[in-house]
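User: Please take a close look at one part of this model, the packing around a single helix and what it leads into. I would like one connected account, with the cut-offs behind each term.

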Amino acid sequence: MTSALAPVRPRPGAPLRKVARVEDLSAEIRALLDGPRPPVEPPADPVPAPPADASAGRGVLNAVLRGLALRDRMTARHSAAVARYARELAVATGASAAEQRLVHTSGLLHDIGKFILPDSILQAERGLTAQDWELVRRHPAASAEIVAKVPGYDVVARAILHHHERIDGGGYPDGLRGDEIPWISRVISVADAYDAMTARDSYSPRRSVAAAVAELQRVAGSQLDALFVERFVELLGTRGVAFHHADDADFEAELAVEHSFSAG
Ligand SMILES: [Fe+2]
């Protein structure tokens, strides 16, 4: 378990392993981007691009993210990984550039509400009690509440609120099922589950990529959106091993991607 106050960046001099970037997209993914939208699942709830004033809010939210990183390095790393995986999944399913940005932003911010959790839970090296879980289950609403305060981020806030819903209706906070769950939430859920299973610093024991894929496929259609799981598994195969290293996710790199949205 990492220290809550450990810096997010590697110590000076430590080798930085390459982070998969959007620019590194393989020819196959580019072909998907350039070609017609594949018949995966057009969003049931098309999302508008954030309004022009959203760039100021982006700066505020990036500052909040840095605050979370100082408090909880593990969640910051996880958020960066989820943002990267989710965005690449959005690309692979033919999402528009505006939708890809919303997915990335939602991934980075999806667990920002973990601010509400005490260190005794964030750093727990024990099983969580029922009382702990009750608090943990409040983090999507807390995340959404923080993000919803920023003008232009209501779509992101809604996506974040529902990232722990399940396709079969057994999730939280609202027990939404199937297409009732915003499509961005369903994308985030797949990326979230994969990183939680494969990351070195996760709460649960680390699984191999093959074991994680098998588990994603096992829960496809009950916990996770089956079509997004299918596309994600295809993406893992297409991207090769570089895409498999959740531990290489670099918080700073994903914040830089986020900054590029404001500049673009
Ligand atoms: Fe979460």
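Analyst: L102, T105, S106 and L109 in α4 meet V155, V156, A159 and I160 in α8, where a contact requires C-beta atoms, placed from the backbone, to lie within 7 Å, and where helices (H or I, at least four residues) and strands (E, at least two) are DSSP runs numbered from the N terminus. By class, the residues of this contact divide into 6 nonpolar, 2 polar and no charged, with Ala, Val, Leu, Ile, Met, Phe, Trp, Tyr, Cys and Pro counted as nonpolar, Asp, Glu, Lys and Arg as charged, and the others, Gly among them, as polar. The model is predicted, and local features need pLDDT of at least 70, side-chain atom pairs count only at pLDDT 80 or more, while totals for chains, interfaces and linings use all residues. Residues are numbered from 1 along each chain as its sequence is written.

The axes of α4 and α8 are 9 Å apart and meet at an angle of about 55°; axes here are lines fitted to C-alpha atoms, for helices over the stretch in contact, and angles run from 0 to 180 degrees between N-to-C directions. The pair is therefore oblique, given that angles under 35 degrees count as roughly parallel, over 145 as roughly antiparallel, 65 to 115 as roughly perpendicular and the rest as oblique. The crossing of α4 with α8 is right-handed, the near helix being turned clockwise from the far one by less than a right angle, whereas an anticlockwise turn would make a crossing left-handed.

On the α8 side, V155, V156, A159, I160 and L161 are buried, a term for residues with 20 or more other C-beta atoms within 10 Å of their own, against 12 or fewer for exposed and values in between for partly exposed. The cover over these buried residues of α8 includes α4, α7 and α9.

Helix α4 (residues 97-109) also packs on α9, at an angle of about 55° and with the axes 10 Å apart, which makes α4 oblique to α9. That crossing, too, is right-handed. Here L102, V103, S106 and G107 of α4 meet I184, V187, I188 and A191 of α9, a contact with 6 nonpolar, 2 polar and no charged residues.

Q100 lies in α4 as well, and counts as buried because 20 C-beta neighbours fall inside 10 Å. Leaving out residues up to four places away in sequence, Q100 touches R87, A90, V91 and A95. Its C-alpha atom is separated by 8.5 Å from that of A86, which is 14 residues apart from Q100 along the chain.

A86 leads to the largest nonpolar core, of 52 residues, in which A86, L89, V147, V187 and V190 touch the most other members; such a core is a set of buried Ala, Val, Leu, Ile, Met, Phe, Trp, Tyr and Cys residues joined through C-beta atoms within 7 Å. Among the elements giving two or more residues to this core are α4, α8 and α9, while α3 gives the most, with 11 residues. Beyond its neighbours within four places in sequence, L89 is in contact with V187, V190, A191, F228, R231, F232 and L235.

Finally, α9 (residues 183-198) packs against α11 (residues 226-239) at about 50°, with axes 9 Å apart, and the two are therefore oblique. In this contact R186, V187, V190 and Y194 of α9 meet F228, V229 and F232 of α11, a set of 6 nonpolar, no polar and 1 charged residues.

Terms used. Contact = placed C-beta atoms within 7 Å.
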